[in-house]
Amino acid sequence: MSETSQMANENWIKRWGTDWVLEGCASCNGVFVLPPEKVSQRCPFCGQATLAQMDPSDDRPVYTQPPEMVVPFRAQEATLRQSVSQFAKSVWLAPTDLQANNLLGRLQPVYLPMWLVDAQVQGNWQAEMGFDYEIVSHREQYRNSNWETERVKETRVRWEPRLGRLNRAHHNQATPALEQQDEVEAKIGRFQTKEPKPFHPGDLTGAIVHLPNRPPDDAWNDAVLLLQTAVAQECRQASEADHTRGFKWSPSFSNQHWTQLLLPLYTSYYLDDDNQAQMVLVHGQTGKLRGVKRASLKRARRVAGIILAVAAVFLLITLVLLGLGFTVAEDALAWAGLVGVLTIGVGGTAVLPLLYAWYINNVASRE
Ligand SMILES: [Zn+2]
């Protein structure tokens, strides 16, 4: 670790504003900033049973660049309750711990990081700029036994080559700071980052912050592509053009400055048959929920047992009726056949709860 980053790490607590603790998860590789009362609980991101306390000067890189902007939590409590109870009801033969109240009680606000990078951009650019213009033509049409003239307007684009030199500062280009960002957004939908507000330490009350696990060097490649798009649009606006194509530039960048944008997520979990935590994620803006579904094999076996017991009673009745049919009352044989069919029908359904639990735990959970 370089001297400067070590110094930066020693100062990190001051920048975050309060007496925070750093902990890491060995399972998902997450590093978290936690308020003291949340220390050494379950990993809020993957559900692993314990987190290990970390020192900011550890060998493992810890990106404690300060938060600059925050996207506030704004999902309504009623929406959260509804999402959670719908999920809890959606699993038949659910583990006993999968209940709406448990999920709501364990709901934890977690901020996910995005990088915000400032940079000074210099260089030459060239592109073709497109300008809309209208042409008006007249079309003759024979209608109602008369020739009528119709004016037709058509928009065309005139392309002109342009070039220039730019030198300007770009602020707060956002790029993902978490390896799992795409995975999370594929589950619960994208975060709306258009209107973030400036960060205040008070935003972190009761919340846990997931620090970046994607080095700025990696994120920088994405940032350059996004900057290129932004610069191309700016050049188009400066040229007062309507379109642009074939944008090329030879940029050089300086004064990169990295801060964080925090995105709002709720996480919760329930314990399955094996006491493993199964995670539930809820979008902090929309309340959209996605959770891992697990059925309880124990409950499936119990239900199958009850069905088999009922089938056994029917089997007994069938045997008694058969006995009667061959000895005293011939009519009983017809009844024995009927109850026998019922026995097979009921007994056959005993596999359904087992099949369902197997399907949920092995097939549906992989989707
Ligand atoms: Zn974890």
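This passage walks through the domains, the zinc site, two asparagines and the largest pocket of a predicted model.

A good place to start is the overall division of the chain. Three domains make up the assignment: domain 1 covers 3-124 + 162-292, domain 2 covers 125-159, and domain 3 covers 298-366. Domain 1 is thus written as two segments, with the residues of domain 2 falling between them in the numbering. Between the C-alpha centres of domain 2 and domain 3 there is a distance of 78 Å.

Within the first segment of domain 1, the eye may next turn to the metal. Four cysteine sulfurs hold the zinc ion: the SG atoms of Cys25, Cys28, Cys43 and Cys46 coordinate it at 2.3 Å. Along the chain, these donors are spaced as C-x2-C-x14-C-x2-C. The arrangement around the zinc ion is tetrahedral because the angles subtended by the four donor atoms run from 105 to 115°. For comparison, the ideal angle for four tetrahedral donors is 109.5 degrees. Two of the zinc-binding cysteines can be described by their accessibility as well. Cysteine 43 has a relative accessible area of 2% and is therefore buried, since buried means under 20%. Cysteine 46, in turn, reaches 24% relative accessibility, so it counts as partly exposed.

Backbone geometry offers two further residues to look for. Asparagine 29 is not a glycine, yet its phi is positive, at about 70°. This asparagine sits in the loop that links β1 (21-24) to β2 (31-34). With a relative accessibility of 47%, asparagine 29 counts as partly exposed. Asparagine 255 also carries a positive phi without being a glycine, here of about 55°. Its setting is strand β9, which spans residues 243-271. Asparagine 255 has a relative accessible area of 62% and is therefore exposed, as the cut-off for that class is over 50%.

The last feature is the largest pocket, whose volume is about 530 Å³. Its lining consists of 20 residues, and those closest to the centre are Lys187, Met279, Arg290, Gly291 and Val292. Three secondary-structure elements, α5 (181-188), β10 (277-283) and β11 (289-291), each contribute at least two residues to this lining. Strand β10 gives the largest share, with five residues. By character, the lining of the largest pocket comprises eleven nonpolar, four polar and five charged residues.

Terms used. Residues numbered from 1 in each chain as written. Predicted model: local features only at pLDDT ≥ 70, side-chain atom pairs only at ≥ 80, totals over all residues. Heavy atoms only, no water. 1 Å grid on protein atoms, 1.4 Å probe; cavity = no way out; pocket = protein on both sides within 12 Å on 5 of 7 lines; lining within 4 Å. Points joined across faces, edges and corners; volume = space filled by probe spheres on them. Helix = DSSP H or I, 4+ residues; strand = E, 2+ residues; numbered from the N terminus. Nonpolar A, V, L, I, M, F, W, Y, C, P; charged D, E, K, R; others polar. Donors = N, O, S within 2.8 Å, 3.2 Å for Na, K, Ca; no water. Tetrahedral: all angles 85-135°; square planar, octahedral: opposite > 155°, others 65-115°. Buried < 20%, exposed > 50% of the residue type's maximum accessible area, 1.4 Å probe, protein only. Domains from an automatic or database assignment.
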